[in-house]
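The following exercises are to be worked with the sequence and coordinates at hand. Each task sentence is followed by a solution in steps.

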Amino acid sequence: MKNNIRVERAIKNITQGELAEQVNVSRQTINTIESNKYVPSTVLALKIARVFGKPLEEVFILEEGD
Amino acid sequence: MKSKFLFPYWCRYLGWALVIAHVPMSIIGRANGMINPLDNPLANQALFTGEHLFFICTTLVMAVGLFIVAFSREKVEDEQIWQVRLDSLRWAIFVNYLILLASLIFIYDIAHILEINLWVPLFFFIIRFRWVMFRLNHSLSKEG
């Protein structure tokens, strides 16, 4: 699974720390999700998508082989 | 994220204080001729004798300290930290059982096997957990 969090953050002009605060997780977690090292739970993924005001599928994208 | 069954963040410092405190207590006790009951199979079996208290003040204080350190909250708890914690716990149990089984096969000294068993899982858990957290923080500082 890949994601567009970095792009969406740039559009919304917020830092990793600000996004982390809004979804109540640590900055490390946002960082590892962005670099595809950690797959968030459904709840967290939904929260992140809500911050960007986009449907889940526009932020998180399934890849071949998932 | 709700985190049940974890001590508050400040307990980590209390835990380390207990772990550190057991060292001078152990040195002072040994200097005064105290022997850990586990090292002395002929020890008096009565409760709250000098040696029994020495055992409580050293080995048990250390084990309780490690326990508190291992199970105190991080500043920010989230699902990834839970996963790291769970993963570290699995590794700790793996390592502990490898050591336990190996020592049961090769060593007949049950008392010391118990003593090793008292701290190996906690110690290994703390090291592994802190190492992964350190690496996460490190990758964060590299990103800037």
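**Exercise 1.** State how chain B is divided into domains, and describe the contact between them.

*Solution.* The model is a predicted one. Begin with the bounds: domain 1 of chain B covers residues 1–74, and domain 2 covers residues 78–144. Next, take the separation of the C-alpha centres of these two domains of chain B, which is 19 Å. Then count the residues in contact: domain 1 of chain B contributes 10 and domain 2 of chain B contributes 12. Finally, classify the side of domain 1 of chain B that touches domain 2: 8 residues are nonpolar, 1 is polar and 1 is charged.

**Exercise 2.** Characterise the secondary structure, dimensions and burial of chain B.

*Solution.* Chain B has 4 helices and 0 strands, and its pattern along the sequence reads α-α-α-α. Along the principal axes, the C-alpha atoms of chain B occupy a box of roughly 60 × 35 × 30 Å. Apply the burial criterion, namely 20 or more other C-beta atoms within 10 Å; 19% of the 144 residues of chain B count as buried. For contacts in chain B between residues at least 6 apart in sequence, 79% join residues at least 24 apart.

**Exercise 3.** Determine what each chain contributes to the contact between chain A and chain B.

*Solution.* Count each side: 11 residues come from chain A and 11 from chain B. On the side of chain A, helix α3 (residues 27–34) supplies the largest share, 5 residues. By class, that side of chain A holds 3 nonpolar, 7 polar and 1 charged residues.

Note on methods: Residues numbered from 1 in each chain as written. Chains lettered and ligands numbered in written order. Predicted model: local features only at pLDDT ≥ 70, side-chain atom pairs only at ≥ 80, totals over all residues. Domains from an automatic or database assignment. Contact = placed C-beta atoms within 7 Å. Nonpolar A, V, L, I, M, F, W, Y, C, P; charged D, E, K, R; others polar. Helix = DSSP H or I, 4+ residues; strand = E, 2+ residues; numbered from the N terminus. Buried ≥ 20, exposed ≤ 12 C-beta atoms within 10 Å, placed from the backbone.
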